[in-house]
Amino acid sequence: MAAVDIVDVRKAFGATEVIHGVDIDIADGQFVVLVGPSGCGKSTLLRMLAGLESITGGEIAIDGKVVNLVPPKERDIAMVFQNYALYPHMSVFDNMAFSLKLRRAPKEEIDRRVGQAAAILDLDKYLDRFPRQLSGGQRQRVAMGRAIVRDPKVFLFDEPLSNLDAKLRVAMRTEIRALHQRLSSTTVYVTHDQIEAMTMADKIVVMNDGRVEQVGEPLELYDRPDNLFVAGFIGSPAMNFLEGRLATEGRPRFLAAGDVSLPLDKAPAGAHGRPVVLGIRPEHLQLATDGAAAEVVVVEPTGSETQVVCKLGGTDVIAAFRERHRFRPGEEIRIAPMPGHIHLFDAETGRRLEA
């Protein structure tokens, strides 16, 4: 395995720059997820790491060696794509062994490596089958096995679960994470699904418009987002946002349209009257007799919790309750943020404010 260093990497198509000076340090054996909306540049960055896209500026180093001009086959990486890309006329064994046969590896080595990978991925009994005889999850495991047998320095995954149904995606998430723990392999994984990112990553890189918005451990990004974009992107249901201003004379409060007044634990010094955006996650809203009045719009029971869409001062917010409530649309409830769970962001820059 090996560390990966991405230093001031840029990518331009003609005069249009799509990756703007990205810096990412990936430690040996780390599982790093690049996450962001479609078009943010995460797949382009992964393809540059793989050598499938040229680099306009900056450096990419694998195991201390700059690989900007190194062909893909010489980078000692293995890539698993969204499309399984299996050879339909080859058996599972032959698909997994293909790269080793191209290297003219000895038959004993091929049998050993394919056997080991098949055992890890529970494919032992399918080695004689063809791709058409496998389920979607089994095909994805074959694609992963094809990467494992190469014993690369770095594994690259480009949205490998996008073609699977919801239940299978959850199962494959667990399998990929367990595989990483077993192999201790350096892994870079691209997805637009922030739930995948949160559940799989050692470190998450949130990208937007070709830039890195924040890098950190999953719960660090969830609990202390650097800006409005990260706060709104990480978490499902998404964080609620209210636009208003601070009142710091006496007990600090947040004031918004519709006579909304929410108590704050603390506020930035000298911030009286400052325009801000208040963020609060759905699970951190609670019923409170002295809370702000909110009109119930939609009630969505999910089993483990009940999500309630409310009108709070003219803004739609979502509250998630673990308790069983029988709210009805049109009913008025009073809600307030739990102490210690309010996020404040500058209304102009979107950056997090520290009290």
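Q: Which residues lie nearest the centre of the largest pocket?

A: The structure is a predicted model. In this model, Ile 77, Ala 78, Met 79, Ser 99 and Arg 150 lie nearest the centre of the largest pocket, out of 19 residues that line it. The volume of this pocket is about 490 Å³.

Q: Which elements supply at least two residues each to the lining of the largest pocket, and how does the lining divide by class?

A: Strand β6 (77-80) and the helices α2 (92-102) and α4 each supply at least two residues. By class, 13 of the lining residues are nonpolar, one is polar and five are charged.

Q: How much space lies in the second largest pocket, and what lines it?

A: The second largest pocket holds about 370 Å³. Its lining has 17 residues, and those nearest the centre are Lys 266, Gly 340, Ile 342, His 343 and Arg 352. Two or more lining residues come from each of α7 (218-223) and β19 (343-346). The lining of this second pocket comprises six nonpolar, four polar and seven charged residues.

Q: How should a cavity be read, as opposed to a pocket, and how many cavities of 30 Å³ or more are counted here?

A: The general idea is that a probe fits inside a cavity but cannot get out, whereas a pocket is open. Here the count is one cavity of 30 Å³ or more, and the volume of the largest cavity is about 40 Å³. Its lining consists of Phe 31, Phe 155, Phe 157, Ile 176, Leu 179, His 180, Leu 183, Ser 185 and Thr 187. Two elements, β7 (154-158) and α5 (166-183), give two or more residues to that lining.

Q: Which element gives the most to the lining of the largest cavity, and what classes of residue are found there?

A: Helix α5 gives the most, with four residues. The lining of the largest cavity has six nonpolar residues, three polar residues and no charged ones.

Q: What is the general idea behind a nonpolar core, and how many residues has the largest one here?

A: In soluble globular proteins, nonpolar side chains tend to be buried together. In this structure the largest nonpolar core has 45 residues, and Met 96, Met 144, Ile 176 and Tyr 189 have the most contacts inside it. Helix α4 (residues 136-148) contributes the largest share of this core, five residues. Another core, of 29 residues, lies apart from it and includes Ile 19, Leu 46, Met 48 and Val 188.

Q: Which residues does Ile 176 touch, not counting residues up to four places away in sequence?

A: Ile 176 touches Phe 31, Met 144, Phe 157, Pro 160, Leu 161, Tyr 189 and Met 200. Ile 176 also belongs to the lining of the largest cavity.

Q: How can the buried side of a helix be read, and which residues of α2 are buried?

A: An α-helix has 3.6 residues a turn, so residues three or four places apart point the same way. In α2, the buried residues are Val 92, Asn 95, Met 96, Ala 97, Ser 99 and Leu 100. Their cover includes α3 (107-120) and α4. After α2 comes Arg 104, which has a positive phi near 60°.

Q: What is the strand order of the open sheet of four strands, and which strands are at its edges?

A: An edge strand pairs on one side only. The order here is β2-β1-β4-β5, with antiparallel pairing, and the edge strands are β2 (16-26) and β5 (65-66). Strand β1 (residues 4-13) pairs with β2 in the antiparallel sense over seven bridges; Ile 6 stands opposite Ile 24 in β2.

Q: Which strands pair with β15?

A: Strand β15 (residues 285-301) pairs antiparallel with β18 (residues 332-337) over seven bridges, where Ala 294 has Ile 333 as its bridge partner. Six bridges join β15 to β16 (residues 306-312), also in an antiparallel arrangement, and Glu 300 has Gln 307 in β16 as its bridge partner. The hairpin of β15 and β16 has four residues between the strands, and Gly 303 there takes a positive phi near 105°.

Q: Is Val 308 of strand β16 buried or exposed?

A: A residue counts as buried under 20% relative accessible area. Val 308 has a value of 0% and is therefore buried. Beyond its neighbours within four places in sequence, Val 308 is in contact with Val 296, Val 298, Val 317, Ile 318, Ala 319, Phe 321 and Phe 327. The C-alpha atoms of Val 308 and Arg 328 are separated by 9.7 Å, the two residues being 20 apart along the chain.

Notes. Residues are numbered from 1 along each chain as its sequence is written. This is a predicted model: local features need pLDDT of at least 70, side-chain atom pairs count only at pLDDT 80 or more; totals for chains, interfaces and linings use all residues. Side-chain values use heavy atoms; hydrogens and water are left out. On a 1 Å grid over the protein atoms alone, a cavity is a set of points where a 1.4 Å probe fits but cannot get out, and a pocket is an open set with protein on both sides within 12 Å along at least five of seven lines; lining residues have an atom within 4 Å of a point. Grid points are joined across faces, edges and corners, and a volume is the space filled by probe spheres set on the points. Ala, Val, Leu, Ile, Met, Phe, Trp, Tyr, Cys and Pro count as nonpolar, Asp, Glu, Lys and Arg as charged, and the others, Gly among them, as polar. A nonpolar core is a set of buried Ala, Val, Leu, Ile, Met, Phe, Trp, Tyr and Cys residues joined through side-chain atoms within 4.5 Å. Buried means under 20% relative accessible area, exposed over 50%, partly exposed in between (1.4 Å probe, protein chains only). Contact means heavy atoms within 4.5 Å. Two strands pair if DSSP finds at least two bridges between them.
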